[in-house]
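Student: Hi, I am new to this one and would like to go through it slowly. Could you start me off with whatever term I need before we look at a residue?

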Amino acid sequence: MPEGWLRSVVMTLAFGLLVAGGLADQGTIFPFLVIGVAALGLGTLYLLFPHGLHFAFGTSAGLAVYACLFAVMGRAAFPAAPDGARAVAFLLPVVAFLAAVWVRRRSLRLVAEAERPFDLGHLPRMARWLIPVWAVGAFALALPVNRLPVFDQGAALLGAMLVIAIVVAASVRGVVLLLTDMALITEELAQRAARMLVPVVAFLAMYAMLVILFACFYRIAQGLSMHALFHGPQGPVPLPFPDALYFSLVTQATVGYGDVTPHDDGIRLLASIQVVAGQVLLLFGFAEIMRTRRVLGAEAATKRPGPAGD
């Protein structure tokens, strides 16, 4: 097995399992379809492109996006479509894509296995096939299809997905390019994130310490007070330490859910200090991350070989 394919298999199936769990309210068939399509697609692509690791990464992301969009469009435009029609409709574009890939496997292998940097310039050209796909979705949402009888909704869903399947099959090269570049973008971001790991971890550690520090202040103040310093929707709350941590976190993040609120001027002042301290820490963390990025960029530039003759 080529190096990296185990990681690709685990990521694709895990991502498919996660999406299937999120879509579990769409019926008993649909989540299993997502897992089955992930396994089928990955196995087929491995047989066709045994070195196309980029392609496999992009496929996992593309599958997740497709499953989510299908669920949203299906519920909005075809709410009464039978489960059998939904299953067939979901499979149509996937089967059409895999069949088109099989037919054009020789030419597409060069695309899927290419080791090349991402080129933003050709992204609009290779994504033209998305225009008719989005048009089908827009028409399905705009027309009163959701008012049709059950059988008619199922037929309309099958017709819409059949059109999308034809578009995908006819534009299979563009789909492959898009999936490949999606993976290349993800890998580039992962490499950049790895280079920023030290300042990011340092910032998160300082952020967590600040949250814990003020949580202790809140808890100590509540323990020393003769009356409740914090109130909830039902009145005064004793503020145990887990609640103090929660209040400290939402205060520092400036989320302010309102389920725990300070009812004392001293606690309000302390919370205000924490908000300011959190914002200052955020500014310093951002500045440090940007400084590290500039330093790493300068080091990479010095290691880059110069032109011949220098």
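Tutor: Gladly: a helix here is a DSSP run of at least four residues, and helices are numbered from the N terminus. Please keep in mind that this is a predicted model.

Student: OK, so which helix does Asp 152 lie in?

Tutor: Asp 152 belongs to helix H8, which covers residues 150–170. The C-alpha atoms of Asp 152 and Ala 81 are separated by 7.9 Å, although these residues are 71 apart along the chain.

Student: And how accessible is Asp 152?

Tutor: Its relative accessible area is 33%, and Asp 152 is therefore partly exposed, since that class lies between the 20% and 50% cut-offs.

Student: Switching to H4, how far apart are its end C-alpha atoms?

Tutor: They are 30 Å apart, which agrees with the 30 Å that the 21 residues of helix H4 (residues 83–103) should span at 1.5 Å a residue.

Student: Where does H4 bend, then?

Tutor: The bend is at Leu 92 and amounts to about 30 degrees, with a proline, Pro 93, following within four residues. Pro 93 is also among the buried residues of H4, which include Phe 90, Val 94, Phe 97 and Leu 98.

Student: What about salt bridges, how many does the structure hold?

Tutor: The structure holds 1 salt bridge, and it joins the side chains of Arg 268 and Asp 265, at 3.0 Å from N to O. Both residues lie in helix H12 (residues 265–303), where they are 3 residues apart, or about one turn of the helix.

Student: Why would two side chains pair like that?

Tutor: In general, side chains of opposite charge can pair when their charged atoms come close.

Student: Are those two residues buried or exposed?

Tutor: Asp 265 counts as exposed, because its relative accessibility is 60%, whereas Arg 268 is partly exposed, with a relative accessible area of 39%.

Student: Staying in H12, what does Gln 274 touch?

Tutor: Leaving aside residues up to four places away in sequence, Gln 274 touches Leu 210, Val 211, Phe 214, Tyr 218, Ser 248, Thr 251 and Gln 252. Gln 274 counts as buried, because its relative accessibility is 0%.

Student: Last topic, the strands: what is their order in the sheet?

Tutor: The open sheet has 3 strands in the order E2-E1-E3, with antiparallel pairing. Strand E2 (235–236) and strand E3 (261–262) are the edge strands, each pairing on one side only. Strand E1 (residues 230–232) is joined to E3 by 2 bridges, and the bridge partner of His 231 in E3 is Thr 261.

Terms used: Residues are numbered from 1 along each chain as its sequence is written. This is a predicted model: local features need pLDDT of at least 70, side-chain atom pairs count only at pLDDT 80 or more; totals for chains, interfaces and linings use all residues. Side-chain values use heavy atoms; hydrogens and water are left out. A salt bridge is a side-chain nitrogen of Lys or Arg within 4 Å of a carboxyl oxygen of Asp or Glu. Buried means under 20% relative accessible area, exposed over 50%, partly exposed in between (1.4 Å probe, protein chains only). The expected span of a helix is 1.5 Å times one less than its number of residues. The bend at a residue is the angle between axes fitted to the seven residues ending there and the seven starting there. Contact means heavy atoms within 4.5 Å. Two strands pair if DSSP finds at least two bridges between them.
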